[in-house]
Amino acid sequence: MSSAKQSKWLRPVAAILLVVAVAFVVLPLVFNEPNAQQGLEVGFFDEPERSEDGPAPDDAPRAIAPARFATPFAQNAVHLERIAPRPPLTPTVERETGPRPTLLHKPLVISAGEVAFPQGTIRLKGLVVTEPDETCTAPNGDLWPCGILARTAFRNFVSGRSLSCILPQEDWSDTITVSCLVGKQDPAAWLVTRGWARAFFGSNYASLEREAQEEGRGLYGSDPRDIAAIPDSNTVIEPDGVNPGQDPLPVPLR
């Protein structure tokens, strides 16, 4: 083969090889392949790093330069200082501690200061219960049933409303003494203020009892019914003078 023919045959081959080499270099850059970028940085013909365990795999990650990618806090970590956290943006609400009141329904007033429920019976704390059979002496010396009237007044005050009481336990069988509310009112304070019950010595209601006693309210006063005595007619009817008359219909014998 002549030299002219040989050069004419090599030119297309060289052009094809050049195109293949350029494509091999440019295509990885176009598709942004990490392995191709790594090959451009370290060189395609460089020998891969070897470790004590053996040659590094082809897809082994490249070491990252700490000076370029490390956080700025890691550079002066020695001078960092821990401070207290900032207060919360939303104010916190303290939860109520201690026993919570229980709402008791269907009250039955037994006496002034004592109420029965389907669960059991309670007595109001801080006062002496006025029993229904108690009698009081009015300033003029007359006796009147103050216990019955005190119970009636307390029934009118409760008027079937539920009581909110602080119970030591949800279920009880005997009579217990607790503090209660009727709506927003203290029934024990109401009784002592009206004079329908007496306060224990040293109780918070002692001043209310003294005021009721000075004003002559309830147990310390007169009969509030204010029923005037009916005068006697002084007419005597003899038993013999009464003629019941005859029954118009005879009663059949049995």
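Two strands are said to pair if DSSP finds at least two bridges between them. With that in hand, welcome to this predicted model. Strand β6 (residues 121-124) and β11 meet that description, pairing in the parallel sense over 3 bridges. Below are two places to look: a sheet with a helix lying across three of its strands, and a buried glutamate, Glu 209.

**The sheet**

- Four strands form an open sheet in the order β4-β5-β6-β11, and their pairing is mixed.
- At the edges sit β4 (108-111) and β11 (176-178), each of which pairs on one side only.
- From one strand to the next, the twist averages 35°.
- To find the β6 and β11 pairing in the structure, start at Leu 124, whose bridge partner in β11 is Val 178.

**The helix across the sheet**

- Helix α4 (residues 146-158) lies across β4, β5 (114-116) and β6.
- Relative to β4, helix α4 runs at about 155°.

**Around Glu 209**

- Glu 209 belongs to helix α6, which covers residues 206-215.
- Although Glu 209 is buried, it has no salt bridge.
- The nearest side chain of opposite charge is that of Arg 198, 5.3 Å away, whereas a salt bridge has to be within 4 Å.
- The side chain of Glu 209 does make a polar contact of 2.9 Å with the side chain of Tyr 220.
- Leaving aside residues up to four places away in sequence, Glu 209 touches Val 192, Arg 198, Ala 199 and Tyr 220.

Key. Residues numbered from 1 in each chain as written. Predicted model: local features only at pLDDT ≥ 70, side-chain atom pairs only at ≥ 80, totals over all residues. Heavy atoms only, no water. Buried < 20%, exposed > 50% of the residue type's maximum accessible area, 1.4 Å probe, protein only. Lys, Arg positive; Asp, Glu negative; His and termini not counted. Polar contact = N/O pair within 3.5 Å; in protein donor to acceptor, adjacent residues only side chain to side chain. Contact = heavy atoms within 4.5 Å. Axes fitted to C-alpha atoms, helices over the stretch in contact; angles between N-to-C directions.
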